[in-house]
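The following exercises introduce one structure step by step. Please attempt each task before reading its solution.

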Amino acid sequence: METRELRYFVAVAEELHFGRAAQRLAMAQPPLSRAIQQLERRLGVVLLHRTARAVALTEAGSVLLREARIALDAVEAAERRTRRAAAGPPGVVLATKAGASSELLSKLLDAYAAEPGAVAVEVMLCGPGEQEGLLREGRADVALLHRPFDTTAGLDTEDLHTEQQVVVLPAGHPLANRSQMSTAEVTTLTDLPLPRWPRRGGGYPDGPGPQVRDHTQLFQLIALGRACALVPESLRAQLRDDHATVPVPDAPTVTTVIAWPPHSRSKAVADLVRTATRL
């Protein structure tokens with residue numbers, strides 16, 4: 001399969017409309033339809049169910065959409081890493097969520113800088129979920145991710161730290177003095193709905209909670225009595241006196257991992273990973 005064909009198919013699969021997909025690709029609809037038909041003939045499968053009113057993915061089409069996205073990300077990442085390698089002196093770009101794993105990140109950078117042959121490390125601070133995309137797209141060489149919030153499929157990883165979650169409440173809330181809460185109790189706090197974080201595509205899921213983009217915004221909304229949030233217990237260090245935390249023992253644990261592309265042969269990345277696991 002050619003990358004051109006994969007781009008055509010992804011556009012149709014995401015739009016589920018040949019006209020909109022053709023417009024998105026800046027091409028006419030007939031050659032797009034022929035390209036998809038040719039791809040189906042070559043693979044020997046039906047990728048799309050077509051009717052006069054709708055287009056829907058088959059099971060085979062859903063699989064190809066998932067795999068095509070990974071393949072196209074890998075091609076774009078290869079292009080970016082190649083250009084970066086030629087652009088200047090060697091270095092490592094590390095992506096991490098702003099405000100998360102701050103103590104670990106500081107120790108990691110100091111320990112790595114003391115290693116013989118250490119190169120410059122550029123830290124990219126980003127919003128929730130963005131560091132995974134930066135790594136897959138080749139804009140970063142290594143990233144600190146957090147399971148189960150981030151997806152590590154297709155990446156090499158080493159676990160660094162696992163911690164429990166707590167619920168953050170306004171300091172004056174009636175439940176602020178509880179010794180612990182359950183996730184069911186947290187999700188039924190109608191006066192303090194859980195926040196809605198942006199998806200990778202930029203949209204927000206439906207729900208009653210406020211839309212948030214970063215922890216600064218989130219913590220201010222909690223202090224105002226507009227929301228609550230489940231967060232790793234290490235984020236307690238960022239809270240103010242107008243916040244309270246209650247342990248939530250049955251919430252999924254959060255594991256911080258260091259992740260890198262499996263095909264990476266960078267000595268600097270290997271040294272940085274080795275330093276992180278030693279810490």
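## Confidence and conventions

In the chain, confidence reaches its lowest mean, 83, in helix α4 (residues 59–87) and its highest, 97, in strand β7 (residues 165–170). These values are pLDDT, the predictor's confidence in each residue on a scale from 0 to 100. The chain averages a pLDDT of 90, and 97% of the residues score at least 70. Helices (H or I, at least four residues) and strands (E, at least two) are DSSP runs, numbered from the N terminus.

The model is predicted: local features need pLDDT of at least 70, side-chain atom pairs count only at pLDDT 80 or more, and totals for chains, interfaces and linings use all residues. Residues are numbered from 1 along each chain as its sequence is written, and side-chain values use heavy atoms, with hydrogens and water left out.

## Exercise 1: the sheet

Determine the order of the strands in the open sheet of five strands, and state which strands are at its edges.

*Solution.* Step one is the order, which reads β4-β3-β5-β10-β6, with mixed pairing. Two strands pair if DSSP finds at least two bridges between them. Step two concerns the edges: β4 (120–126) and β6 each pair on one side only. Step three is the twist, as neighbouring strands of this sheet are turned by 25° against each other on average, direction ignored.

Step four examines the pairings. Strand β3 (residues 91–97) and β5 pair in the parallel sense over two bridges, with Leu94 opposite Val142 in β5. Strand β5 (residues 142–147) is joined to β10 in the antiparallel sense by five bridges; here His146 stands opposite Thr256, and Arg147 has Thr255 as its bridge partner. Strand β6 (residues 156–163) and β10 are also antiparallel, over seven bridges, and Glu158 stands opposite Ile258.

## Exercise 2: the cover of β10

State how many residues of strand β10 (residues 254–260) are buried, and on which sides they lie.

*Solution.* Buried means under 20% relative accessible area, exposed over 50%, and partly exposed in between (1.4 Å probe, protein chains only). By this rule, seven of the seven residues of β10 are buried. In a regular strand the side chains alternate between the two faces of the sheet. On one side of β10 are Val254, Thr256, Ile258 and Trp260, and on the other Thr255, Val257 and Ala259. Both faces are covered. For β5, five of its six residues are buried. Finally, helix α9 (residues 267–278) lies across β3, β5, β6 and β10, running at about 160° to β10.

## Exercise 3: two packed helices

Describe how helix α1 (residues 3–15) and helix α3 (residues 29–43) pack, and which residues meet.

*Solution.* Two packed helices are described by the angle between their axes and the distance between the axes. Axes are lines fitted to C-alpha atoms, for helices over the stretch in contact, and angles run from 0 to 180 degrees between N-to-C directions. For α1 and α3 the angle is about 110° and the axes are 10 Å apart. The two helices are therefore roughly perpendicular, a class that covers 65 to 115 degrees (under 35 is roughly parallel, over 145 roughly antiparallel, the rest oblique).

Contact means heavy atoms within 4.5 Å. Glu5, Tyr8, Phe9 and Val12 in α1 meet Leu32, Ala35, Ile36, Leu39 and Arg42 in α3. The residues of this contact divide into seven nonpolar, no polar and two charged. Here Ala, Val, Leu, Ile, Met, Phe, Trp, Tyr, Cys and Pro count as nonpolar, Asp, Glu, Lys and Arg as charged, and the others, Gly among them, as polar.

## Exercise 4: individual residues

Is Ala26 buried or exposed, and is Ser101 buried or exposed?

*Solution.* Ala26 is in the loop between α2 (18–25) and α3, and has a positive phi of about 60° although it is not a glycine. At 72% relative accessibility, Ala26 is exposed. Ser101, in the loop between β3 and α5 (102–113), has a positive phi near 55°. At 14% relative accessibility, Ser101 is buried.

Now identify the contacts of Glu132, leaving aside its neighbours within four places in sequence.

*Solution.* Glu132 is found in helix α6 (residues 130–136). With a relative accessible area of 12%, Glu132 is buried. Its contacts beyond those neighbours are Leu145, Asp150 and Thr151.
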